[in-house]
Amino acid sequence: MSDYANDVLVSADWVDEHLDEFQSDDPDYRLLEVNNPTVTADSEYTAYEEGHAPGAVFLDWEEDFTDQTTRDILSKDSFEETMGAAGVSEDSTVVFYGGGRVPNWFALFAYWQFKYYGHEDVRVLNGGKDYWVANDYPLTDEEPDFPSQDYSARGPFESIRAYRQDVEQAVEGGLPMVDVRSPEEFSGEIIAPEGLQETAQRGGHIPGASNVPTATVLNDDGTFKTADELSELYADAGITEDQSVVTYCRVGERSSIAWFALVELLGFDDVQNYDGSWTEWGNIIRSPIEKGEAE
């Protein structure tokens, strides 16, 4: 993994070697499993209660990383309270993983939120839970109960987040945007993946956006493609590191994977994740949209 810009991906072997630290009451190391909802009958996801990496704490992306009243990410106070209750301190080495239709789908949304609030040592299990389970790494149904911590966040750091007005400026200025949704969502054929409730009134995409579906940045086993492969993939879509880039999807979770690939793996300096994404843009009266396949 040395060809990536930052040392933020860890292998399953690395996690396996550190399981004692992840199971310790000492908060130096914490392993967080963030769920990817099983929304269709054929979704492959080993539920946390049926088996998880020893020492992993379970966090639900909706309940633990979003405010259902404001339909926003957690406030700073709520973030600090939630992470402290999970036994995480601001000095912890935190490793995320998740499973489902796209490995690490919501785990990387959690990773992005940790970076937004300034947590310094955060990493991701390459391949996610799918890889962990498929390759027979240890599983347990025992749920840890770690001592709570007083968590103090340094952020928020707004430079990695895009709001509606930022996207409006990007459209007006012709800045590149990466739409990571499926080609069917991008074209407007469907509005959201099957079974997901948070959605918009209209289908289509933001004018000028390029379609780079989430799964295209991953290998068949769910691990990330090499830096060279990722650079070529994004360059083919007109996305290069000398530009300001906005990533988006439906509610900012899948686009966190693109943000991660561009910033952490390729070293792009100016990338913002639009967490309002299509659920916000597709509901705004008079906001410009386009339909049809990517060119």
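In this predicted model, helix 5 and helix 10, the latter made of residues 254-265, pack against each other with their axes 7 Å apart and at an angle of about 60°. Because angles of 65 to 115 degrees count as roughly perpendicular and those under 35 as roughly parallel, the two helices are described as oblique to each other. The crossing in which helix 5 passes helix 10 is left-handed. On the side of helix 5, the residues that take part in this meeting are Trp105, Leu108, Phe109, Tyr111, Trp112 and Lys115, and from helix 10 they are met by Arg254, Ser256, Ile257, Trp259, Phe260 and Glu264.

Two of these residues, Tyr111 and Phe260, reappear in the largest nonpolar core, where they are listed with Phe96, Phe114, Phe224 and Tyr234 as the residues with the most contacts inside it. This core has 60 residues, and helix 5, which runs over residues 105-116, gives the most to it, with 10 residues. Another core, of 15 residues, lies apart from it and includes Ala12, Trp14, Val15 and Ala56. To see what surrounds one member of the largest core, the reader can turn to phenylalanine 114: leaving out residues up to four places away in sequence, Phe114 touches Leu32, Phe65, Phe79, Met83, Val88, Val94, Phe96, His119, Val122 and Tyr151.

The loop between strand 6, residues 93-97, and helix 5 holds asparagine 104, which has a positive phi of about 65° although it is not a glycine. Asparagine 104 has a relative accessible area of 1%, and because buried means under 20%, this residue counts as buried. Aspartate 136 likewise has a positive phi, near 60°, in a residue other than glycine, but its setting is the loop between helix 6 and strand 8. With a relative accessibility of 70%, aspartate 136 counts as exposed, since that term applies over 50%. The loop between helix 6, residues 128-134, and strand 8, residues 161-162, also contains proline 156, and the peptide bond that joins glycine 155 to proline 156 is cis, with omega at about 10°.

The UniProt record, an unreviewed entry, carries the annotation "domain: Rhodanese" for residues 25-141 and 171-290. Over residues 171-290, the chain is 29% helix and 12% strand, while the C-alpha atoms at the ends are 12 Å apart.

Serine 277 belongs to helix 11, which covers residues 277-281, and is buried, with a relative accessible area of 0%. Apart from residues up to four places away in sequence, serine 277 touches Tyr248, Cys249, Arg250, Val251, Gly252 and Ser255. Serine 277 and aspartate 16, by contrast, are 261 residues apart in sequence and 36 Å apart in space, taken from C-alpha to C-alpha.

In the segment after helix 11 the reader will find glycine 292, which at 27% relative accessibility counts as partly exposed. Glycine 292 and glycine 188 are separated by 104 residues in sequence, and their C-alpha atoms are 6.6 Å apart in space. Once its neighbours within four places in sequence are left aside, glycine 292 is in contact with Phe186, Ser187 and His205.

Terms used
Residues numbered from 1 in each chain as written. Predicted model: local features only at pLDDT ≥ 70, side-chain atom pairs only at ≥ 80, totals over all residues. Heavy atoms only, no water. Core = buried A, V, L, I, M, F, W, Y, C linked by side-chain atoms within 4.5 Å. Buried < 20%, exposed > 50% of the residue type's maximum accessible area, 1.4 Å probe, protein only. Helix = DSSP H or I, 4+ residues; strand = E, 2+ residues; numbered from the N terminus. Contact = heavy atoms within 4.5 Å. UniProt positions renumbered as here; feature names shortened; annotations may be inferred. Axes fitted to C-alpha atoms, helices over the stretch in contact; angles between N-to-C directions. Parallel < 35°, antiparallel > 145°, perpendicular 65-115°, else oblique. Left-handed = near helix turned anticlockwise from the far one by under 90°.
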